[in-house]
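The following exercises concern a single protein model, shown below. Each one sets a task and then works through its solution step by step.

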Amino acid sequence: MQLHLSTWQEVEAYLERATAIIVPIGSTEQHGPNGLIGTDAICPEVVARGVGDEEDALVGPTISVGMAQHHLAFPGSITLRPSTLIACVSDYVDSLMRHGFEGVYFLNGHGGNIATLNAAFSEIYASASLGHSSRRVRLSLTNWWDGPEVRRVSRELYSGIEGSHATPSEVSLSYYAYPDAVKSATFEPRVAPSGRFRDAEDYRRRFPDGRIGSDPSGASPQAGERLFHAAVRDVRNDYRAFAAGGR
């Protein structure tokens, strides 16, 4: 059940039986020569919908622009400042709390969001602790790729070439979601270098095609389907415990 495809009456009826909601959050940033710019938003969105279908859970609209300043040397990448993302997440949560939601489960698709999301959670909890809000809420952050089933499938498919950005796993999952958008490209070197970076210009200098440590040449919708089902299993179990108040 997707909030943006529901009526207000349907959401009101949902709140009579449940007070938790899944919110996909990602980024709009380059993903190498064959990766879609929307990959980090597409992946958590499609997994969240799968979990929502299986758990009869409400899924909120995806926050599709995140903290991605380090990708701005590549055309098409869009970022929010950390302070802007904190404000966005806080207002999103406050709006849900106003209607009676008590548990907001963020399903994340971008590693660059993690620090800022945790800061946003701290701000929201601080407002409650300082008496600025009479409402209480439970917040959770889960990365779609972190579960044991996804890790097992990723190792089986792409051991040694997964890397840390523009990975074959995330590219495959985005291809599963949008098979008509599959891209082809050449890669030189086949496996991208790894390392650290500072700002956007330093990133592009060190990793000129956008990849870090990965070889996504073998990404496919078929592999993405396996990763999708693995991620839904992982996240479903985690969300079920969260919705029940177990964590």
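**Exercise 1. Establish whether strand β3 is buried or exposed, and identify its pairing partners.**

Solution. Step 1: 6 of the 6 residues of β3 are buried, so the strand is largely enclosed by the rest of the structure. Here buried means under 20% relative accessible area, exposed means over 50%, and partly exposed lies in between (1.4 Å probe, protein chains only). Helices (H or I, at least four residues) and strands (E, at least two) are DSSP runs, numbered from the N terminus.

The model is a predicted one, in which local features need pLDDT of at least 70 and side-chain atom pairs count only at pLDDT 80 or more, while totals for chains, interfaces and linings use all residues. Residues are numbered from 1 along each chain as its sequence is written, and side-chain values use heavy atoms, with hydrogens and water left out.

Step 2: Consider the two faces. In a regular strand the side chains alternate between the two faces of the sheet. In β3, Gly103, Tyr105 and Leu107 are buried on one side, and Val104, Phe106 and Asn108 are buried on the other, so that both faces are covered.

Step 3: Assign the neighbours, where two strands pair if DSSP finds at least two bridges between them. β1 pairs with β3 in the parallel sense over 6 bridges, and valine 23 has phenylalanine 106 of β3 as its bridge partner. β3 and β4 also run parallel, joined by 6 bridges; leucine 107 stands opposite threonine 142 in β4.

**Exercise 2. Describe helix α4: its span, its buried face and what covers that face.**

Solution. Step 1: α4 (residues 114-129) has 16 residues and reaches 22 Å from its first C-alpha to its last, close to the 22 Å expected at 1.5 Å a residue. The expected span is 1.5 Å times one less than the number of residues.

Step 2: The buried residues of α4 are Thr116, Leu117, Ala120, Phe121, Ile124 and Ala128. Seen down the helix axis, they fall within an arc of 145 degrees, so they line one face of α4. The arc is that of the directions from the helix axis to the C-beta atoms.

Step 3: The face turned away from the buried side carries the exposed residues Ala115 and Ser129. The cover over the buried residues includes β1 (20-25), α3 (82-99), β3 (103-108) and β4 (138-143). Just after α4, glycine 131 takes a positive phi of about 85 degrees.

**Exercise 3. Which residues touch the most other members of the largest nonpolar core?**

Solution. Step 1: A nonpolar core is a set of buried Ala, Val, Leu, Ile, Met, Phe, Trp, Tyr and Cys residues joined through side-chain atoms within 4.5 Å. In soluble globular proteins, nonpolar side chains tend to be buried together.

Step 2: The largest core has 48 residues, of which Ile22, Val47, Val89, Val93, Val104, Phe106 and Tyr239 touch the most other members. Helix α8 gives the most to this core, with 8 residues.

Step 3: Another core, of 6 residues, lies apart from the largest one and has Leu36, Val171, Tyr175 and Ala181 among its members.

Step 4: For valine 47, contact (heavy atoms within 4.5 Å) is made with Leu107, Leu173, Phe228, Ala231, Val232 and Val235, not counting residues up to four places away in sequence.

**Exercise 4. How many salt bridges does the model hold, and where do sample pairs lie?**

Solution. Step 1: A salt bridge is a side-chain nitrogen of Lys or Arg within 4 Å of a carboxyl oxygen of Asp or Glu. The count by this rule is 14.

Step 2: Arginine 49 and glutamate 45 form one such bridge (3.6 Å, N to O). They are 4 residues apart in helix α2 (residues 39-55), and so are separated by about one helical turn. Arginine 49 is partly exposed at 31% relative accessibility.

Step 3: Aspartate 215 and arginine 190 form another bridge, at 3.4 Å, N to O. This pair links distant parts of the chain, 25 residues apart: aspartate 215 is in the loop between α7 (200-206) and α8 (221-243), and arginine 190 is in the loop between α6 (168-177) and α7. Aspartate 215 is buried at 8% relative accessible area, whereas arginine 190 is exposed at 52%.
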